[in-house]
Amino acid sequence: YSGYSLNIKSETDPTLVCDTSSGCALSDSFGDYIPVGGKGSPDYDWILGENESLFGFTPKGDHILSKYKYDSANSVCGSGLSSLVGEYCWDGFSTSYSNIAYSSNPNHPNGTVTRINFRSQVGTEKIQPSGDYEAGIIVTATANQ
């Protein structure tokens with residue numbers, strides 16, 4: 001084996017849903033973030049309408065896909081260096097796996113750090129019922145063959 005692929009997906013659609021034992025209803029969820037170019041084409045900035053509540057992610061690390069790397073001088077995703085910091089290049093979840101990191105080289109025995117930043121936000125005009133919200137997210141690393 002040589003290298004690995006790191007993939008992420010949601011157990012539900014939408015991803016961030018109410019825990020109904022906390023007082024909110026199952027229909028009280030956060031919408032999955034959808035970038036302007038569609039899921040898989042990250043937005044440099046997080047975009048939230050005033051009547052929306054959204055949940056999304058951005059991965060950080062040395063092996064993240066180039067579409068999640070950014071150049072803050074030009075405010076674009078798909079360029080620049082990888083980084084473990086920064087609040088840029090936001091994407092949305094799907095119930096199908098999406099590749100977020102890849103390496104053609106092995107990283108055994110020390111591994112490689114990949115961080116996933118999550119964001120949930122409620123717009124200024126949105127009334128989001130109070131309660132506890134939860135997300136089932138599956139991250140899977142697979143050895144390349």
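The points below go through a predicted model, taking its sheet, its disulfides, its unusual backbone sites and one surface patch in turn.

1. The sheet. Three strands make up an open sheet, and they are arranged in the order E3-E4-E8 with mixed pairing. Strand E3, which covers residues 31-32, and strand E8, which covers 114-122, stand at the edges with a single partner strand each, so one side of each of them has no neighbour in the sheet. As general background, the strands of a sheet are paired through hydrogen bonds of the backbone, and the pairing can be parallel or antiparallel.

2. The pairing of E4 with E8. Strand E4, made of residues 53-61, runs antiparallel to E8, and nine bridges join the two. A reader who wishes to find this pairing in the structure can start from Lys60, which stands opposite Arg115 in E8.

3. The disulfide of Cys18 and Cys24. The structure contains two disulfides, and in general such a link is a covalent bond between the sulfur atoms of two cysteines. In one of them Cys18 is bonded to Cys24, with the sulfur atoms 1.9 Å apart. The angle about this S-S bond is 100°, and the link is right-handed. Both Cys18 and Cys24 are buried.

4. The disulfide of Cys77 and Cys89. Here the sulfur atoms are 2.2 Å apart, and the torsion about the S-S bond is about -115°, so this disulfide is left-handed. Because Cys77 lies in strand E6 while Cys89 lies in the loop between E6 and E7, the pair ties together parts that are 12 residues apart in sequence. Cys77 has a relative accessibility of 23% and therefore counts as partly exposed, whereas Cys89, at 0%, counts as buried. When the bonded cysteines are counted along the chain, the disulfides follow the pattern 1-2, 3-4.

5. Positive phi values. Which phi value does Cys89 have, although it is not a glycine? Its phi is positive, at about 65°. Ser75, which is also a residue other than glycine, has a positive phi near 55°, and Ser75 is placed in the loop between strand E5 (70-71) and E6. The relative accessibility of Ser75 is 39%, so this residue counts as partly exposed. For context, a negative phi is found in most residues other than glycine, and most peptide bonds are trans.

6. Cis peptide bonds. The bond from Asp13 to Pro14 is cis, with omega near 5°, and Pro14 is found in the loop between strand E1 (4-10) and strand E2 (16-18). The bond from His108 to Pro109 is likewise cis, with omega near 10°, and Pro109 belongs to the loop between E7 and E8. A student checking the backbone may wish to look at both of these sites in the structure, at Pro14 and at Pro109.

7. A nonpolar surface patch. Leu84, Val85 and Val113 together make a nonpolar patch of about 240 Å² on the surface. Is Val85 buried or exposed? Its relative accessibility is 54%, and because a residue counts as exposed when this value is over 50%, Val85 is classed as exposed. Val85 is found in the loop between strand E6 (76-77) and strand E7 (98-103), and Cys89 is found in the loop between E6 and E7 as well.

Technical notes. Residues are numbered from 1 along each chain as its sequence is written. This is a predicted model: local features need pLDDT of at least 70, side-chain atom pairs count only at pLDDT 80 or more; totals for chains, interfaces and linings use all residues. Side-chain values use heavy atoms; hydrogens and water are left out. Two strands pair if DSSP finds at least two bridges between them. Helices (H or I, at least four residues) and strands (E, at least two) are DSSP runs, numbered from the N terminus. Patches are made of residues with over 30% relative accessible area and no salt bridge: like charges are joined within 9 Å, nonpolar side chains (Val, Leu, Ile, Met, Phe, Trp, Tyr) within 5 Å. Accessible areas come from the Shrake-Rupley method with a 1.4 Å probe; for residues, only the protein chains shown count as cover. A salt bridge is a side-chain nitrogen of Lys or Arg within 4 Å of a carboxyl oxygen of Asp or Glu. Buried means under 20% relative accessible area, exposed over 50%, partly exposed in between (1.4 Å probe, protein chains only). A disulfide is a pair of cysteine sulfur atoms within 2.5 Å.
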